[in-house]
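Please look through the sequence and the model shown here, and then follow the explanation of how the chain is packed.

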Amino acid sequence: MVDAALCAGDLKVKAFAGAGKTSTLQLVAEQFGPQRGMYLAFNREIAASAARRFPPHVVSRTMHSLAWASVSPSLRSRMSLQGEPPHELAARYGLGPLEVRTVTGKAVEIAPFEIGRMIADGLDRFCRSADLQPATQHIVVDEKIDGEVAAQLRAYLLPYVGRLWEEGAATRAASAISPDVLLKLWALAEPRIEADFILFDEAQDSDGVMLSVLGRQRRAQIIYVGDPYQQIYEWRGAVNAMAQIDAPECALTESFRFGDTFAALASRLLTLLGERTPIRGQEAIGSLMVEDPALAPPVDAILCRKNVTAIWQFAAGLEAGHRPAIRMSSAEILAYADGVDRLLAGQRAFRPAALSLFENWSEAQAFARSAFGQDLLPVVRIVDELGTGYLRALAQRSAAEGAADYVISTVHRAKGLEWKRVRVADDFRLRGAEGNPMPDDDELRLLYVAVTRAQHVLDISGLRDELLRLFSLRR
């Protein structure tokens with residue numbers, strides 16, 4: 001890869017899990033000295049860590065921090081203003097409640113709070129795209145709403161998303177703006193990044209707006225680095241950037257995190273996604289795969305697909321006398337308790353989003369036990385068996401990660417991390433919709449990220465039968 005980077009011109013580097021991409025980028029940066037370099041990270045923590053590792057001629061930033069430093073003080077000041085609550089936004093636009101049909105055929109009401117939230121979220125998704133105008137695909141509708149009705153709802157709300165964008169983009173506006181609006185306004189000004197070379201890390205998670213900015217940097221050599229199969233942020237508007245980048249490609253295929261056993265499993269998952277190049281592991285690293293549910297070895301982390309499963313695993317660990325940590329804030333767990341209490345009282349719950357379309361707790365119980373609602377079932381079971389008071393107590397019982405017996409996390413929050421011993425929960429959707437025996441690609445990518453967090457022990461016993469079925473199929 002270093003030789004390829006020195007040949008000049010943009011470069012795309014496909015780096016599989018644990019392939020040492022940051023160390024490789026350091027080597028590239030050192031070879032480029034004393035040219036002006038910039039390392040662009042996906043978040044501030046990664047940028048701060050990189051700043052301590054890269055040579056002095058490389059500046060480590062995030063794209064948002066570049067935008068912040070480049071726009072006018074008046075625009076920056078709008079970032080500190082109090083945002084408009086969703087229900088007030090809906091009221092200002094004259095939008096009342098809407099009746100829609102769910103996937104189960106039941107008519108439900110979408111409250112003004114939800115309508116306002118959909119409009120604001122639609123604006124942020126537009127701002128994270130390369131598009132010049134808001135479009136229906138930027139508006140996300142709850143998956144519990146019938147597909148045909150969802151399409152009609154997007155078309156109905158689109159003009160209001162456009163109106164909100166015009167208000168935010170107005171030169172003399174005094175309303176609050178989000179970081180995504182600020183980034184979009186900066187991108188539309190076609191900024192020039194002052195660097196001779198740019199190292200763009202975690203490129204698979206980049207937004208369309210970020211790619212549009214980099215695509216206009218004609219005077220800088222850009223090295224895009226990422227794992228296309230760790231692209232797991234489609235729900236927030238991320239695009240498959242590695243497929244869109246038009247540049248010569250090289251690959252880092254050897255993982256320094258785990259041995260051949262885990263590498264073989266990860267490679268089989270990637271084969272289902274069309275990848276032909278296998279991941280290579282380290283012969284010197286012992287890797288034990290656990291497939292028997294009766295064994296249940298000690299672990300350092302339990303990785304789940306959904307927040308509700310993580311809460312369930314946390315409760316189970318406490319009941320077993322363990323001292324687990326959960327990578328969720330107490331406020332997030334309390335939101336479930338507050339939402340359930342509202343439903344039990346016959347009131348609508350606006351948070352969390354998983355409870356927002358139910359009018360009472362009975363509806364949530366029925367949905368959780370339907371074919372569409374299995375993701376909600378863990379929280380329903382906790383509440384039905386132990387009550388919301390138990391949920392509130394859970395929120396205060398997480399141990400500090402450094403002092404915990406093990407960590408419980410969703411896969412999204414575990415991305416970029418690793419543990420010696422990992423158990424993968426059994427809440428993955430390894431069958432597609434409408435009887436399709438193959439899961440969606442985003443589900444396979446999420447599972448790939450989960451299994452590649454382990455270094456020495458990987459417990460996949462909860463998924464054993466489904467994985468055997470999956471690998472017996474051919475795409």
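The paragraphs below go from the overall form to the nonpolar cores.

This is a predicted model, in which local features need pLDDT of at least 70 and side-chain atom pairs count only at pLDDT 80 or more, while totals for chains, interfaces and linings use all residues. Residues are numbered from 1 along each chain as its sequence is written, and side-chain values use heavy atoms, with hydrogens and water left out.

Along its principal axes the C-alpha trace spans about 65 × 65 × 45 Å. The radius of gyration, taken over C-alpha atoms, is 24 Å, which agrees with the value near 23 Å for a compact globule of 475 residues, because the globule rule is 2.2 Å times the number of residues to the power 0.38. Of the 475 residues, 52% count as buried, meaning under 20% relative accessible area with a 1.4 Å probe and protein chains only.

The largest nonpolar core (a set of buried Ala, Val, Leu, Ile, Met, Phe, Trp, Tyr and Cys residues joined through side-chain atoms within 4.5 Å) holds 55 residues, and those touching the most other members are L40, M63, I119, I145, I193, F200 and L214. Helix α8, residues 147-169, gives the most to this core, with 8 residues; helices here are DSSP runs of H or I with at least four residues, numbered from the N terminus. Leaving aside residues up to four places away in sequence, M63 touches L40, A41, L183, W186, F200, M210, V213 and L214, where contact means heavy atoms within 4.5 Å. A second, separate core has 41 residues, including A263, L273, L446 and L463.

Note on methods: Buried means under 20% relative accessible area, exposed over 50%, partly exposed in between (1.4 Å probe, protein chains only). Helices (H or I, at least four residues) and strands (E, at least two) are DSSP runs, numbered from the N terminus.
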